[in-house]
Amino acid sequence: LKLIIVCLLPVYKLLICAIVFFIDDIRQRTYGELVLNYINSGSRGFFSYYNLKYYGPLWEVAVQFLASILPFEADIVKVRQTLGFSSAVLGVFYLYRISDLIFSRPASLVPPLVLMCMPQFFQNALINSKDIPFLSFFCVSMFYLNRFFITEKVRYLLCFCILAAVTTNIRIGGTFLLIIFSIQYLYLCLSNKSFLRKMPVFTLIASVSYFFTLYATYPWLWEDPLNRFIQVLEFNSQFNNGGATLFQGSIFQLREGVPRLYPWFHLGVSIPSIFLCFAVLGFILALVVNLLPDRSSTKPSVLQKLLLANFLWFALPLTLITIKGANLYNSLRQILFVLPSIALMLGFIIHFLKPRASWLRRGAIGVILSQCLICIISMMSLSPYYGAYFNVFAGDFSEVSKRETIPIFQTYMKEAIIQLDKIDDGYSVSGPFVDVYLSRYSNENPKYVPLNRRSEAQYYISYPEYDLMTSPPQGEIIKEISRGSGRLAYVMRVNK
């Protein structure tokens with residue numbers, strides 16, 4: 001844990017010095033305040049605040065509560081992002097603990113290192129204070145799930161169920177933990193008679209501890225627990241987002257759904273090529289190890305138990321999403337939680353090679369470390385917020401405008417507004433999300449012009465993906481924010 005903290009401290013400094021936030025931060029802050037008001041005074045304001053009652057409020061309430069008890073006046077955005085980044089450290093640490101359960105060293109050190117060097121994880125650890133906590137608590141839950149299946153001790157089952165409920169309260173995708181648990185549970189009951197005898201007690205403990213924790217931390221469920229929980233599941237299983245997303249140069253309305261290969265495509269272009277190739281090989285080997293019978297024992301081995309659970313971690317959510325579809329946008333944002341399972345497969349490759357071919361194992365470690373070094377250098381020299389580096393399928397920065405990269409644009413919005421402050425005093429400006437950023441970054445008190453009247457503004461700030469979804473006003477581009485041949489954002493002087 002100390003090593004992880006030391007490695008990530010420079011990243012934390014970057015986070016504080018160049019704080020960037022999602023548009024969601026404002027809504028989530030308000031949601032947390034409204035839920036706290038409901039708990040304190042019974043005010044039902046959060047019942048009608050957008051559709052956020054269908055999303056667990058635990059993380060938002062924790063952020064607001066911490067900000068309220070600090071002995072100094074804190075910037076709520078910094079509190080939120082600091083907690084989000086701290087949860088990223090927690091996730092990396094528990095991924096190491098999971099890999100240490102399954103693999104011997106040095107294989108157990110590979111998954112946390114690989115996760116830290118995955119550009120999508122690194123990018124989101126800095127700016128995404130919703131999906132990163134979800135990923136981290138998913139990791140912690142999976143650790144206790146693995147410990148329970150190794151030891152069959154009740155205390156680990158309790159820890160898993162409580163943490164799974166907390167994870168579900170951050171994002172409803174935490175219910176995948178229940179499905180993974182149920183499949184693994186059934187597998188052990190069918191293959192282990194002693195486990196089957198304990199099934200009634202384990203089932204009772206798991207059900208009570210999970211649902212008690214979930215209901216206790218989700219105020220909207222209090223008045224009608226069963227019906228409202230079903231409503232939450234139904235809402236989150238459908239396309240309820242009225243916006244649009246960009247995918248390979250085409251616009252898709254979210255209510256109609258994105259292509260079923262959307263998550264697979266983004267995994268393919270955002271995971272560095274060497275990691276991707278090793279992960280595919282690791283998943284194939286994991287399947288082989290689980291399918292081959294162990295003639296020395298009638299029970300599944302510890303390795304088989306844990307490989308099955310962690311294979312399901314990756315395969316189950318993506319299979320269900322591919323079959324049914326899901327509310328996916330902003331690249332991997334909603335499925336970041338599968339990245340640790342991919343990193344685990346690289347550790348399994350090293351573990352598998354250790355007793356068989358030491359020279360090949362050393363070569364594989366060298367290749368993985370080289371890819372990690374390339375990613376670190378790239379993120380330092382290019383942009384910490386760009387989601388793909390040196391992946392042969394991703395293309396260069398000129399390909400960025402074909403895919404939705406709102407996190408990149410939001411990062412460079414700050415730079416665009418600072419440039420405008422230098423050019424003009426008291427200007428009027430329009431653009432997507434511009435009003436949010438003006439309130440934090442501009443010193444000139446400019447006038448924000450709504451998007452439906454953007455031609456009335458003196459300046460317009462936007463990015464290529466947004467222009468594909470709408471028609472920008474006519475004008476002269478006076479400032480471009482680019483990397484390589486790709487334009488990430490721009491400032492336009494609007495023609496009058």
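**A walk through the predicted model**

Ile162 is found in helix 8, which covers residues 154–170. The structure here is a predicted model, and this isoleucine is a handy place to start. With a relative accessibility of 39%, Ile162 falls into the partly exposed class, because that class takes in whatever sits between under 20% (buried) and over 50% (exposed). Together with Val154 and Leu158, Ile162 makes a nonpolar patch of about 200 Å² on the surface.

Stepping back to the whole chain, the secondary structure adds up to 20 helices and 7 strands. Of the 496 residues in the chain, 55% are buried. The area that the chain does expose comes to about 21400 Å², and 62% of that is supplied by carbon and sulfur atoms. As for how the chain touches itself, take the contacts with a separation of 6 or more: 69% of them are between residues 24 or more positions apart.

Helix 5 gives a picture quite unlike a surface patch. This helix runs over residues 110–117 and is mostly covered, with 7 of its 8 residues buried. The buried ones in helix 5 are Val110, Pro111, Pro112, Val114, Leu115, Met116 and Cys117.

Next come the aromatic rings. There are 36 aromatic pairs in the structure. One of them joins Tyr31 and Phe46: the ring centres are 6.1 Å apart and the planes meet at 55°, so this pair counts as tilted. Tyr31 belongs to helix 2 (residues 24–41), while Phe46 sits in the loop between helix 2 and helix 3 (58–69); the two are 15 residues apart, and the pair links distant parts of the chain. Tyr31 is buried, its relative accessible area being 1%. Phe46 is buried too, at 1% relative accessibility.

Another aromatic pair is made by Tyr94 and Phe143, and this one is edge-to-face, with 5.4 Å from centre to centre and 70° between the planes. Here too distant parts of the chain are linked: Tyr94 comes from helix 4 (residues 76–102) and Phe143 from helix 7 (residues 131–151), 49 residues apart. Both Tyr94 and Phe143 are buried.

Aromatic residues also gather in a group. Phe148, Phe149, Phe160, Phe181, Tyr185 and Phe202 form one aromatic cluster. A ring can have a charge for company as well: the charged end of Arg27 sits over the ring of Tyr50, 3.8 Å from the centre of that ring.

Phe235 offers a further look at how the chain folds back on itself. This residue lies in helix 12, which spans residues 225–236, and at 13% relative accessibility Phe235 counts as buried. Phe235 and Tyr55 are separated by 180 residues in sequence, yet their C-alpha atoms are 9.5 Å apart in space.

That leaves the charged side chains, which form 8 salt bridges in the structure. In one of these, Arg80 pairs with Glu60, and the closest N and O atoms are 3.7 Å apart. Arg80 is part of helix 4 and Glu60 is part of helix 3, so this salt bridge ties together parts of the chain 20 residues apart in sequence. Arg80 and Glu60 are both buried.

Glu60 also meets the side chain of Lys130 in a salt bridge, with 2.9 Å from N to O. Lys130 lies in the loop between helix 6 (119–127) and helix 7, while Glu60 is in helix 3, so the parts being tied together are 70 residues apart in sequence. Like Glu60, Lys130 is buried.

A salt bridge also joins Arg171 and Asp131, whose closest N and O atoms are 2.5 Å apart. Arg171 is in the loop between helix 8 and helix 9 (175–191) and Asp131 is in helix 7, so the pair connects parts 40 residues apart in sequence. Arg171 has a relative accessible area of 16% and is therefore buried, and Asp131, at 2% relative accessibility, is buried as well. Finally, Arg44, Glu223 and Arg228 are linked in a network of salt bridges.

Conventions
Residues numbered from 1 in each chain as written. Predicted model: local features only at pLDDT ≥ 70, side-chain atom pairs only at ≥ 80, totals over all residues. Heavy atoms only, no water. Patch = residues over 30% accessible without salt bridge, like charges linked within 9 Å, V, L, I, M, F, W, Y side chains within 5 Å. Areas by Shrake-Rupley, 256 points an atom, 1.4 Å probe, with all protein chains shown as cover. Salt bridge = Lys/Arg side-chain N within 4 Å of Asp/Glu carboxyl O. Helix = DSSP H or I, 4+ residues; strand = E, 2+ residues; numbered from the N terminus. Buried < 20%, exposed > 50% of the residue type's maximum accessible area, 1.4 Å probe, protein only. Phe/Tyr/Trp six-rings, centres within 6.5 Å; stacked < 30°, edge-to-face > 60°. Lys NZ or Arg CZ within 6 Å of the ring centre and 35° of its normal. Contact = heavy atoms within 4.5 Å.
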